[in-house]
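Here is an informal walk through one model, residue by residue and then domain by domain. Have the viewer open and follow along.

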Amino acid sequence: MTFSRRSFLGNAIQLAIITIAGFGSASALAAKPVVMGFSQVGAESEWRTANTLSIKDAAKKDGINLKFADAQQKQENQVKAIRSFIAQKVDVIAFSPVVETGWDTVLREAKAAKIPVILTDRAVNVTDTSLYVTFIGSDFVEEGRRAGRWLLERAKKTPDRTLNIVELQGTVGSAPAIDRKNGFEQAIAGNAKIKIIRSQTGDFTRAKGKEVMEAFLKSQGKNINVVYAHNDDMAIGAIQAIEEAGMKPGTDIIIISIDGVKGAFEAMIAGKLNVTVECSPLLGPQLMQVARDVLAGKPVPKRITTEEGVFPAEVAAKEFPNRKY
Ligand code: AHR
């Protein structure tokens, strides 16, 4: 058999083509984008809008194929969305549960389909915690405590004054509404002069916050000294109601809220809101990283808590340029 230079070259080229083709298909397989199904609570607040944006941006930057579903604040829509993600065989499911209870069945279905579930922002109340891999979000009880502690400090300025609080609660049955109420009550407990005189849900929206505050003002009038709102949107709604009733929010009535959205900083700069306790919605990058870790089989902590601060009106103007949501 004669050695021909041409046939050697031909074989080498053929081999190279086969090798490249082989690597090509292997890398194509490796590059197959991760598919994440995400069920969002809705679009009820400025916070939620920032949270949605953070998740969509992070997925895009990370090359994750995001299937996003807006539940319009209805649990049944979230259950439907999760079932549809299971049927589509997504790689991972993430969701921010509108309420705490009622998730066992659908989460068992996800587990049976071997699809890992990551909770973001809000927790669930299930007996079997193996139904989700991890929960990334704020410590809502601590946020409530921080709001209460701020009021205790403020009350030291007027120790003889009674402070009657009206509370605007978040969505009934949601983790932030339950926890922020508990945390605040823990902080103010034992103070006979500081008490909650009315408490009602404003469903985390500006419109409902205003509506409920109008009703509080009608029934309690000048008896109200403090508004404790479970989020900034409801506080902003309450501010409108107070102004329409001819009073000065932030001066005649102390306003305390939670989230730290830009709208709250603007209200503080205008002297209408006294303090906002931070709750970060910027969970997207962390969520994508954790999803990748879970899919790579790396261990992840069961609870990943977001770090947050407290912003009283005195620091609002200085902090405003640093706010990202
Ligand atoms: O779950 C987080 C809460 O939900 C935010 O405080 C609120 O603004 C949102 O609607």
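Let's start with Ser-138, which is placed in the loop between β5 (134–137) and α5 (140–155); helices (H or I, at least four residues) and strands (E, at least two) are DSSP runs, numbered from the N terminus. Before going further, note that this is a predicted model, where local features need pLDDT of at least 70 and side-chain atom pairs count only at pLDDT 80 or more, while totals for chains, interfaces and linings use all residues. Residues are numbered from 1 along each chain as its sequence is written, and side-chain values use heavy atoms, with hydrogens and water left out.

**Ser-138 and its surroundings**

Is Ser-138 buried or exposed? Ser-138 counts as buried because its relative accessible area is 4% (buried means under 20% relative accessible area, exposed over 50%, partly exposed in between, with a 1.4 Å probe and protein chains only). Leaving out residues up to four places away in sequence, Ser-138 touches Asp-121, Glu-143, Cys-279, Ser-280, Arg-303, Thr-305, Thr-306 and Glu-308, where contact means heavy atoms within 4.5 Å. With Glu-308, the Ser-138 side chain also makes a side-chain polar contact of 2.6 Å. A polar contact here is a pair of N or O atoms within 3.5 Å; within protein, one must be able to donate a hydrogen and the other to accept it, and residues adjacent in sequence count only if both atoms are side-chain atoms.

**Where the two domains meet**

Ser-138 also matters for the bookkeeping between domains. The protein chain is divided into domain 1 (34–138 + 281–307) and domain 2 (140–279), with bounds that come from an automatic or database domain assignment. Their C-alpha centres lie 30 Å apart. Domain 1 puts 13 residues into the contact and domain 2 puts in 21 residues.

The size of an interface is often given as the accessible area lost when the parts come together. Between domain 1 and domain 2 the buried area is about 1300 Å², and carbon and sulfur atoms give 50% of that (buried area being the accessible area, 1.4 Å probe, that two parts lose on being put together, summed over both). Which three residues supply more than any others of the area that domain 1 buries against domain 2? They are Glu-46, Trp-47 and Ser-138, with 39%.

On the polar side, the two domains share ten residue pairs in polar contact, both residues at pLDDT 80 or more. The side of domain 1 that touches domain 2 divides into five nonpolar, three polar and five charged residues; Ala, Val, Leu, Ile, Met, Phe, Trp, Tyr, Cys and Pro count as nonpolar, Asp, Glu, Lys and Arg as charged, and the others, Gly among them, as polar.

There is one salt bridge between domain 1 and domain 2, a salt bridge being a side-chain nitrogen of Lys or Arg within 4 Å of a carboxyl oxygen of Asp or Glu. Arg-206 and Glu-46 form a salt bridge with their closest N and O atoms 3.3 Å apart.

**Salt bridges elsewhere**

By this rule the count comes to 21 salt bridges. Here are some of them.

| Acidic residue | Basic residue | Closest N to O |
|---|---|---|
| Glu-142 | Arg-149 | 3.1 Å |
| Glu-243 | Lys-272 | 2.9 Å |
| Asp-293 | Lys-298 | 3.8 Å |

The Glu-243 and Lys-272 pair links distant parts of the chain: Glu-243 is in helix α8 (residues 232–244), Lys-272 is in the loop between α9 (262–269) and β10 (275–278), and they are 29 residues apart. Glu-243 is partly exposed at 35% relative accessible area, and Lys-272 is partly exposed at 28%.

In the other two rows, Glu-142 is buried at 16% while Arg-149 is partly exposed at 40%. Likewise, Asp-293 is buried at 17% and Lys-298 is partly exposed at 49%. A network of salt bridges links Glu-44, Arg-48, Asp-121 and Arg-122.

**Two more polar residues**

Asn-51 is found in helix α2 (residues 46–62). Asn-51 counts as buried because its relative accessibility is 0%. Beyond four places in sequence, Asn-51 touches Gln-40, Pro-281 and Leu-283.

Ser-199 is found in strand β7 (residues 194–201) and counts as partly exposed at 31% relative accessibility. Leaving aside neighbours within four places in sequence, Ser-199 is in contact with Glu-167, Gln-169, Lys-181 and Phe-216. Side-chain polar contacts join Ser-199 to Glu-167 at 2.6 Å and to Gln-169 at 2.7 Å.
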